[in-house]
Amino acid sequence: MNTYKVVEIFESINGEGMKAGELSVFVRLCGCNLHCSYCDTSWANEKDAPYQEMTARQIVQKAEAYGTKNVTLTGGEPLLAEHVLELLEALSEKFCVEIETNGSIALDPFCKKDRKVIFTMDYKLKGSGMEEQMCLSNFALLQRDDTVKFVVSDQTDLERAYEIEQKYALGQKCHVLISPVFGKIIPADMVAFMMEKKWVTARMQIQMHKVIWDPQARGV
Ligand SMILES: C[S@@+](CC[C@H](N)C(=O)[O-])C[C@H]1O[C@@H](n2cnc3c(N)ncnc32)[C@H](O)[C@@H]1O
Ligand SMILES: Nc1nc2[nH]cc(C(=O)O)c2c(=O)[nH]1
Ligand code: SF4
Ligand SMILES: [Mg+2]
């Protein structure tokens with residue numbers, strides 16, 4: 001039986017993405033291949049992070065007990081998990097599944113015809129220190145309900161996000177989000193940039209759970 005390293009499962013409102021504000025069950029898997037400068041979940045990427053080995057069936061059962069329609073599969077980097085396709089299939093039989101992925105993992109194996117899961121894919125900007133790792137061919141696989149998210153550290157990142165969005169016409173194929181690295185860049189400056197550029201294909205977001213609860217809190 002295949003198992004997955006689960007560091008936490010909890011219910012909250014989704015604080016990010018196109019489903020922000022909706023209840024969801026968060027399934028957070030252990031481990032990541034990147035080391036973003038601003039990562040708010042680096043504890044889940046440590047080799048000694050406490051995790052529980054769970055089968056897809058156990059994860060589905062635990063998630064079902066909360067009674068929500070959404071599951072957010074995140075991490076760490078969830079698409080690194082061995083046999084993750086099996087977990088995606090089991091979850092998508094019961095839930096609307098959103099996958100938070102870091103933009104470095106080729107999405108081809110997860111993009112069979114009629115896929116049911118949706119991707120929120122980061123494009124890691126210079127401020128993350130991880131831009132060289134981005135898998136640009138993923139852009140061609142994204143569909144209407146998917147999202148590209150740019151998490152912005154500074155003005156240089158903002159300009160680069162705009163450049164990439166325009167170059168690949170991302171707003172024509174999927175949702176585009178820009179979000180501040182929490183507390184790092186003044187949100188009003190991001191909005192001013194949107195207005196200056198008439199950047200109508202992007203949507204600004206702030207991580208809502210960090211406004212509602214302590215920004216350092218886990219399990220919310
Ligand atoms: C913790 S990551 C896990 C999923 C995947 N590894 C990724 O990076 O997309 C989930 C989301 O949180 C965002 N994030 C992490 N730390 C952040 C911070 N300090 N401020 C704003 N967003 C942050 C990431 O950019 C990503 O969009
Ligand atoms: N409330 C809440 N919403 C979220 N949306 C995406 C999250 C993540 O860590 O991937 C997250 C999270 O950690 N908490
Ligand atoms: S890819 Fe995601 S989990 Fe990994 S270090 Fe970056 S923000 Fe954190
Ligand atoms: Mg989070």
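**Note on the predicted model: salt bridges, ligand 3 and annotated sites**

1. Lys210 is a buried residue, its relative accessible area being 10%. The model discussed here is predicted. Lys210 takes part in a salt bridge with Asp40, in which the closest N and O atoms are 2.6 Å apart. Asp40 belongs to the loop between strand 2 (23–29) and strand 3, whereas Lys210 belongs to helix 6 (residues 208–212), so this contact ties together parts that are 170 residues apart in sequence. On the Asp40 side the setting is partly exposed, with 40% relative accessibility. The bridge therefore joins a partly exposed acidic residue to a buried lysine, since 10% falls under the 20% limit for burial.

2. Which residues are linked with Glu131 in a network of salt bridges? The network is made up of Glu131, Arg160 and Glu163. Within it, Glu131 pairs with Arg160, and the closest N and O atoms of the two are 2.6 Å apart. Glu131 is placed in the loop between strand 6 (118–122) and strand 7 (147–152), while Arg160 is placed in helix 3 (residues 155–167), so the pair ties together parts of the chain 29 residues apart in sequence.

3. Is Glu131 buried or exposed? Glu131 is buried, with a relative accessible area of 16%. Its partner Arg160, at 27%, is partly exposed. The two fall into separate classes because burial requires a value under 20%, a condition that Glu131 meets at 16% and that Arg160 does not meet at 27%.

4. A further salt bridge is formed by the side chains of Glu53 and Lys5, at 3.4 Å from N to O. This pair links distant parts of the chain: Glu53 is in strand 3 (residues 52–55) and Lys5 is in strand 1 (residues 3–13), 48 residues apart. Glu53 is partly exposed, having a relative accessible area of 39%. Lys5 also counts as partly exposed, at 37% relative accessibility. In general, side chains of opposite charge can pair when their charged atoms come close. For the model as a whole, the count of salt bridges comes to eleven.

5. What surrounds ligand 3? The residues around it are Cys32, Leu34, Cys36, Cys39, Asn45, Gly76, Asn102 and Lys124. Sorted by class, this shell has four nonpolar, three polar and one charged residues. The space that ligand 3 takes is the largest pocket.

6. The largest pocket can also be compared with a database record. An unreviewed UniProt entry gives the annotation "binding site" to Ile13, Asn14, Gly15, Arg28 and Thr74. From this set, Ile13, Asn14, Gly15, Arg28 and Thr74 are found in the lining of the largest pocket. Gly15, one of these residues, is located in the loop between strand 1 and strand 2. Gly15 is buried, with a relative accessible area of 3%.

7. UniProt (unreviewed entry) also lists Thr41 under "binding site". Thr41 has its place in the loop between strand 2 and strand 3, the loop that also holds Asp40. Thr41 counts as buried at 8% relative accessibility, whereas Asp40 counts as partly exposed at 40%.

8. The UniProt annotation "domain: Radical SAM core", likewise from an unreviewed entry, covers residues 19–215. How much helix and strand does the chain have over residues 19–215? The chain is 27% helix and 21% strand over this range. The C-alpha atoms at its two ends are 20 Å apart.

9. Two further loop positions may be noted. Arg115 is in the loop between strand 5 (96–101) and strand 6, and at 16% relative accessibility Arg115 counts as buried. Arg115 and Glu89 are separated by 26 residues in sequence and by 9.4 Å in space, C-alpha to C-alpha. Val181 is in the loop between strand 8 (175–180) and helix 5 (187–197), and Val181 is buried, with a relative accessible area of 8%. Val181 and Val148 are 33 residues apart in sequence, and their C-alpha atoms are 15 Å apart in space.

Terms used:
Residues are numbered from 1 along each chain as its sequence is written. Chains are lettered from A and ligands numbered from 1 in the order in which they are written. This is a predicted model: local features need pLDDT of at least 70, side-chain atom pairs count only at pLDDT 80 or more; totals for chains, interfaces and linings use all residues. Side-chain values use heavy atoms; hydrogens and water are left out. A residue is near a molecule or strand if one of its heavy atoms lies within 4 Å of it. On a 1 Å grid over the protein atoms alone, a cavity is a set of points where a 1.4 Å probe fits but cannot get out, and a pocket is an open set with protein on both sides within 12 Å along at least five of seven lines; lining residues have an atom within 4 Å of a point. A molecule sits in a cavity or pocket if more than half of its atoms lie within 2 Å of its grid points. Ala, Val, Leu, Ile, Met, Phe, Trp, Tyr, Cys and Pro count as nonpolar, Asp, Glu, Lys and Arg as charged, and the others, Gly among them, as polar. A salt bridge is a side-chain nitrogen of Lys or Arg within 4 Å of a carboxyl oxygen of Asp or Glu. Helices (H or I, at least four residues) and strands (E, at least two) are DSSP runs, numbered from the N terminus. Buried means under 20% relative accessible area, exposed over 50%, partly exposed in between (1.4 Å probe, protein chains only). UniProt positions are given in the numbering used here, feature names are shortened, and annotations may be inferred rather than shown by experiment.
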